[in-house]
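Biologist: I've got a model here and a few things to ask about it. Mind going through it with me?

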Amino acid sequence: MSGPTLKRLGGAPPDKSAARKPKLEPAQPAVIEPADFYKMEDEIARSTTHAELEKTFLRESSALRAVLQKFIEGSKEPCSSEVLLNIARMRRCSRLAHYATAQLRAETTSRLEQVEAKYLHLQNSSSEIQHLQKEINRCLQFSAGDEDIDLIPLDEFYASAPEGVSRPEMTKNNEHEQRLARLTWEIAQRKALVDTLTEQEGRRNVLISSINGKEQRLKSLRSKISLLMTAAKPVQEALGVGNASASSAEQRSLFSLLPHDLSVLYVQAEAYRDIMEGEAKRRT
């Protein structure tokens with residue numbers, strides 16, 4: 001016979017796993033790298049104004065002054081860590097203010113350099129503009145020297161100038177091209193006149209040389225004619241023509257009696273006499 005079975009009062013047996021409580025580990029503080037910390041401080045210094053820094057500095061200094069005043073008055077209350085925090089905050093405000101001032105100075109210097117560079121560029125641009133304005137004025141006041149040239153009329157120009165020079169299809173609608181074409185034709189005409197003048201001067205020089213040669217020959221005949229007149233004097237006396245008052249009709253009638261050679265000499269002598277008398281009259 002089996003004995004009675006013992007049963008545990010109070011329900012189901014307890015769960016051992018539920019009785020265990022998990023252990024929570026304390027959270028590790030986040031570690032900030034020095035470079036990131038300085039970067040954050042620089043950003044705070046740039047974003048915080050001097051008025052805010054001054055306000056914070058005055059608040060912390062007032063709190064520190066109150067603590068020091070209590071200590072001077074003989075208070076036995078120990079200093080709390082808040083005093084060190086006040087000093088640290090004041091030091092931080094001073095550092096941020098100095099850093100912000102340095103940043104403002106650097107930015108001001110950079111802006112001044114930019115302003116000076118732009119001002120120098122402005123001066124250079126102004127000088128270039130003045131130079132260009134002077135060149136423009138010189139171009140506007142330029143005179144090619146063709147204003148006083150007396151050109152032929154337009155009708156005569158288109159009538160006398162070849163089409164290769166006049167180009168009526170272009171020059172009639174373009175005053176500048178028309179002026180150039182007229183000047184080109186004027187130059188061509190003047191060159192032709194210069195060539196003609198040179199040719200005529202050459203011919204004149206040839207004629208002058210010929211006249212000078214003939215004058216020299218006539219001058220050389222003077223002595224010969226004198227000898228001839230001396231030799232012909234007996235003949236004139238024999239013929240009765242030695243009288244200088246004889247009429248020209250008698251001289252012409254006697255001239256026809258002379259031989260051919262003597263008549264040629266007589267004509268040359270008469271011509272020489274006329275030339276010499278003409279020169280004597282011009283000199284007087």
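Biologist: Which helices do the buried residues of α4 pack against?

Modeller: Keep in mind that this is a predicted model. The α4 residues that count as buried are V83, N86, M90, C93, L96 and A100. Their packing partners are α2 (34-47) and α3 (50-72).

Biologist: How far does α4 reach from its first C-alpha to its last?

Modeller: α4 covers residues 81-140, which makes 60 residues. At 1.5 Å a residue you'd expect 88 Å, and the model comes close to that. The reach is 86 Å.

Biologist: What's the C-alpha to C-alpha distance between L68 and V83?

Modeller: L68 is found in helix α3, while V83 is one of the buried residues of α4. L68 itself is partly exposed, because its relative accessible area is 44%, which falls between the 20% and 50% cut-offs. The two are 15 residues apart in sequence, and in space their C-alphas are separated by 9.4 Å.

Biologist: Which two residues make up the aromatic pair, and is it stacked or edge-to-face?

Modeller: The structure holds one such pair. Its ring centres are 5.1 Å apart with 65° between the planes, and planes over 60 degrees apart count as edge-to-face. So the pair is edge-to-face, and its members are F157 and Y158.

Biologist: Is F157 buried or exposed?

Modeller: Its partner Y158 is partly exposed at 23% relative accessibility. F157 has a relative accessible area of 0%, so it falls under the 20% cut-off. That makes F157 buried.

Biologist: Which residue lies over the face of Y158?

Modeller: Y158 is the partly exposed member of that pair. At 5.2 Å from its ring centre, over the face, you'll find K172.

Terms used:
Residues are numbered from 1 along each chain as its sequence is written. This is a predicted model: local features need pLDDT of at least 70, side-chain atom pairs count only at pLDDT 80 or more; totals for chains, interfaces and linings use all residues. Side-chain values use heavy atoms; hydrogens and water are left out. Helices (H or I, at least four residues) and strands (E, at least two) are DSSP runs, numbered from the N terminus. The expected span of a helix is 1.5 Å times one less than its number of residues. Buried means under 20% relative accessible area, exposed over 50%, partly exposed in between (1.4 Å probe, protein chains only). Contact means heavy atoms within 4.5 Å. Rings of Phe, Tyr and Trp (its six-membered ring) pair if their centres lie within 6.5 Å; planes under 30 degrees apart count as stacked, over 60 as edge-to-face and the rest as tilted. A charge sits over a ring if NZ of Lys or CZ of Arg is within 6 Å of the ring centre and within 35 degrees of the ring normal.
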